[in-house]
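Visitor: I would like a close look at a single part of this model, namely the way its helices pack against one another. Please take it slowly and keep to what the coordinates support.

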Amino acid sequence: MSVLVFIEADNGVVKKSSLEAVAYGSKVGAVTVVAMGSIEASELAKVGNYGAEKVLHCSDDRLNDGVISATAKLIAEAVGQSGAETVVMSRSSLVDAVAARVAIKIGASVVTNVQDLPDTSNGFVVKRGVFTGKAFAFVSVPDGKKVITVTKNVVQLEPTSSEAAIEEISVAFDDADFGVKRIGVHKQEGDILLPEADLVVSAGRGMKGPENWQMIEDLATTLGAATACSKPVSDMDWRPHHEHVGQTGIKVAPQLYIAVGISGAIQHLAGVNSSKVIVAINKDPEAPFFKAADYGVVGDAFEVVPKLIEAIKK
Amino acid sequence: MKILVCISHVPDTTTKIKFVDNKLDTNGVQFIIGPYDDFALARAVELKEASGGTVTVLNVGTVDTEPSIRKALAIGADNAVRVDAEPTDSLFVAKQIVAHAASENYDMILMGRESSDFNSGLVHGLVGELLGWPSIAPAMKLDVDGSTAKLSREIEGGHEDVEVQLPFVAGCQEPIAEWKIPNMRGIMMARKKPLEVVEAVAVEGVTAYQSFELPEEKGECKMVDADQMDELVGLLKNEARVL
Ligand SMILES: Cc1cc2nc3c(=O)[nH]c(=O)nc-3n(C[C@H](O)[C@H](O)[C@H](O)COP(=O)(O)OP(=O)(O)OC[C@H]3O[C@@H](n4cnc5c(N)ncnc54)[C@H](O)[C@@H]3O)c2cc1C
């Protein structure tokens with residue numbers, strides 16, 4: 001089976017989640033990668049380490065803005081050129097918005113939020129998350145073209161030294177493809193992006209106020225972690241909205257999620273229950289988070305967190 | 001302004017999910033308007049209140065979903081359409097919306113970024129592509145000035161502001177508007193508002209939900225004394241191997 005994998009870069013570096021998509025694709029078939037915008041050839045060639053044979057690169061810098069329609073058109077064009085039957089992408093704010101449009105353009109079935117490799121022993125069946133992390137479903141996809149978006153940590157990365165050949169792909173965009181115009185971008189620079197992070201330190205209303213977040217940031221810096229928060233914290237503007245995790249916020253799947261002063265309401269857990277290991281720090285021994293956590297500390301965050309920082313530094 | 005808001009009818013957020021015969025066990029489950037759809041509806045009603053027009057709500061569902069549709073009418077939608085079918089997948093739902101919207105000249109179609117039952121997050125993009133309209137998701141802000149709309153879309157680590165000409169489709173999330181709670185007057189008025197029931201169009205090539213599985217039960221949470229943070233770090237390094 002021939003597979004096309006769409007990859008994204010952040011600050012010129014191919015995202016780890018995109019490399020996971022390449023590795024996923026290479027377990028399904030022969031992989032061609034499609035990439036867009038300004039990105040170094042050396043960085044592109046590296047996708048070969050994860051099983052890709054070829055990269056189709058559209059260097060049109062209008063694509064640096066991550067325009068939904070134009071990105072969908074590029075991917076559809078790359079499907080045509082590569083003859084791919086299956087398109088694989090790793091979930092992201094752009095991919096989530098693009099996948100449906102690609103599916104219609106190429107006449108494919110589309111399944112999002114895929115959590116495992118497909119079972120092809122009898123058709124094509126994938127496992128996906130449903131009911132906001134409270135269950136999984138096995139979905140059979142009809143014969144023909146397919147688009148699937150995969151979540152983080154679905155495959156293990158085992159790089160080789162192979163490199164991929166790079167070809168330029170040009171696409172005849174028209175004005176309608178850029179009908180959604182970016183007029184401003186507000187992005188935290190230099191930080192570890194929350195959806196990509198392997199380690200996350202998150203805090204809730206137990207922190208009492210935004211002035212107490214320095215401690216949480218210190219813990220995150222010590223670990224090299226991203227910071228996150230519960231919904232009331234972003235509702236009260238203690239922290240920006242893009243840090244809020246949960247059912248109505250970002251869904252994360254890090255190796256380690258440390259929750260400080262968060263009760264562990266079901267809506268919060270919905271965004272974090274795919275984490276590999278959860279540590280809950282809460283002064284209330286009855287806090288529901290202890291039922292979802294692997295490790296728990298009952299204590300006052302204002303005393304526990306500084307001690308934890310010291311212990312990590314040792 | 002003529003706005004279509006598409007709503008899903010989903011189990012209440014706190015529902016314990018169980019399955020019987022490979023379907024959701026709806027016994028004792030309370031159903032609500034999809035939480036993200038509620039944000040879309042609230043913003044649509046605000047836009048109508050500010051500059052006139054109509055808000056139509058559409059749901060693809062069996063007669064069981066009518067309480068959710070009535071609630072949307074009570075919140076401020078003017079009329080409603082129910083496409084009489086059990087939704088099978090996102091493509092099925094999108095094609096029903098398109099079949100309705102194709103002849104209605106809407107200025108925008110709003111819905112939640114995803115439904116909180118199947119969480120596919122596809123319907124806005126499918127509808128946009130099928131109608132040849134731009135689609136924007138997840139939309140956190142929406143203002144309209146004449147034929148131009150300004151939206152803010154969540155991206156990793158922040159958000160971007162975009163501008164688009166009407167018509168367009170948006171998949172919404174907070175903080176686009178405050179959820180609205182129907183008042184008594186709204187509830188009384190909703191009873192008299194038109195709710196049209198239409199037949200579904202046939203859709204080919206849908207995916208099939210074969211079976212469901214619940215996540216593995218979590219093991220016991222290992223408690224560490226608040227004075228023993230060295231021990232916690234040791235466990236994270238050597239036992240959990242995440243540091
Ligand atoms: C439809 C819907 C969707 C929702 N979506 C989300 C979502 O996406 N994400 C989300 O987070 N929430 C969501 N919520 C809200 C959710 O139900 C909870 O209200 C929220 O998660 C609670 O946040 P919290 O734990 O920070 O605050 P609280 O519930 O106030 O809990 C604070 C915790 O801090 C502890 N604490 C206090 N002081 C200290 C201290 N000094 N040291 C240690 N611990 C301390 C307390 O014991 C308590 O457990 C949603 C709700 C609804 C209805």
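Guide: What follows starts from one helix of chain A, follows its packing within the chain and across to chain B, and then turns to the setting around it.

The model is a predicted one, and every value below should be read with that in mind. Two packed helices are described by the angle between their axes and the distance between the axes, and those two quantities serve as the starting point for each pair.

The helix to begin with is α4 of chain A, residues 93-106, whose axis comes within 7 Å of that of helix α4 of chain B, residues 123-131, with a crossing angle of roughly 40°. Because of that angle, α4(A) counts as oblique to α4(B), and the crossing of the two is right-handed. On the side of chain A the contact is made by A:A100, A:R101, A:I104 and A:K105, while α4(B) contributes B:G125, B:L126, B:G128, B:E129 and B:L130. By character, the residues of this contact of α4(A) with α4(B) divide into 4 nonpolar, 2 polar and 3 charged.

Within its own chain, α4(A) also packs against helix α3, residues 68-82 of chain A, where the axes come within 8 Å and cross at roughly 50°. That makes α3(A) oblique to α4(A), and here too the crossing is right-handed. From α3(A), the residues A:I68, A:S69, A:T71, A:A72, A:K73, A:I75, A:A76 and A:V79 meet A:L94, A:A97, A:V98, A:R101, A:V102, A:K105 and A:I106 of α4(A). The residues of this contact of α3(A) with α4(A) comprise 10 nonpolar, 2 polar and 3 charged. Two residues of α4(A) deserve a second mention, A:R101 and A:K105, since they appear in the contact with α4(B) and also in the contact with α3(A).

A further pair across the two chains joins helix α9 of chain A, residues 301-313, to helix α6 of chain B, residues 229-239, their axes coming within 8 Å and crossing at roughly 55°. The helices α9(A) and α6(B) are therefore oblique to each other, and their crossing is right-handed. The contact consists of A:V304, A:K307, A:L308, A:A311 and A:I312 on α9(A), together with B:M229, B:D230, B:L232 and B:V233 on α6(B). In this contact of α9(A) with α6(B) there are 7 nonpolar residues, no polar ones and 2 charged.

As for the chain that carries α3(A), α4(A) and α9(A), chain A holds 9 helices and 17 strands, and its C-alpha trace spans about 60 × 45 × 40 Å along the principal axes. A compact globule of 314 residues would have a radius of gyration near 20 Å, and the 21 Å of chain A agrees with that. Of those 314 residues, 60% count as buried, and among contacts in chain A with a separation of 6 or more, 65% come from residues 24 or more positions apart.

One residue outside these helices, A:E243, lies in the loop between α6 (231-235) and β15 (256-260) of chain A. With a relative accessibility of 3%, A:E243 counts as buried, and, leaving aside residues up to four places away in sequence, A:E243 touches A:Q188, A:L194, A:T227, A:A228 and A:C229.

Notes. Residues are numbered from 1 along each chain as its sequence is written. Chains are lettered from A and ligands numbered from 1 in the order in which they are written. This is a predicted model: local features need pLDDT of at least 70, side-chain atom pairs count only at pLDDT 80 or more; totals for chains, interfaces and linings use all residues. Side-chain values use heavy atoms; hydrogens and water are left out. Axes are lines fitted to C-alpha atoms, for helices over the stretch in contact, and angles run from 0 to 180 degrees between N-to-C directions. Helices (H or I, at least four residues) and strands (E, at least two) are DSSP runs, numbered from the N terminus. Angles under 35 degrees count as roughly parallel, over 145 as roughly antiparallel, 65 to 115 as roughly perpendicular and the rest as oblique. A crossing is left-handed if the near helix is turned anticlockwise from the far one by less than a right angle, and right-handed if clockwise. Contact means heavy atoms within 4.5 Å. Ala, Val, Leu, Ile, Met, Phe, Trp, Tyr, Cys and Pro count as nonpolar, Asp, Glu, Lys and Arg as charged, and the others, Gly among them, as polar. The radius of gyration is taken over C-alpha atoms; the globule rule is 2.2 Å times the number of residues to the power 0.38. Buried means under 20% relative accessible area, exposed over 50%, partly exposed in between (1.4 Å probe, protein chains only).
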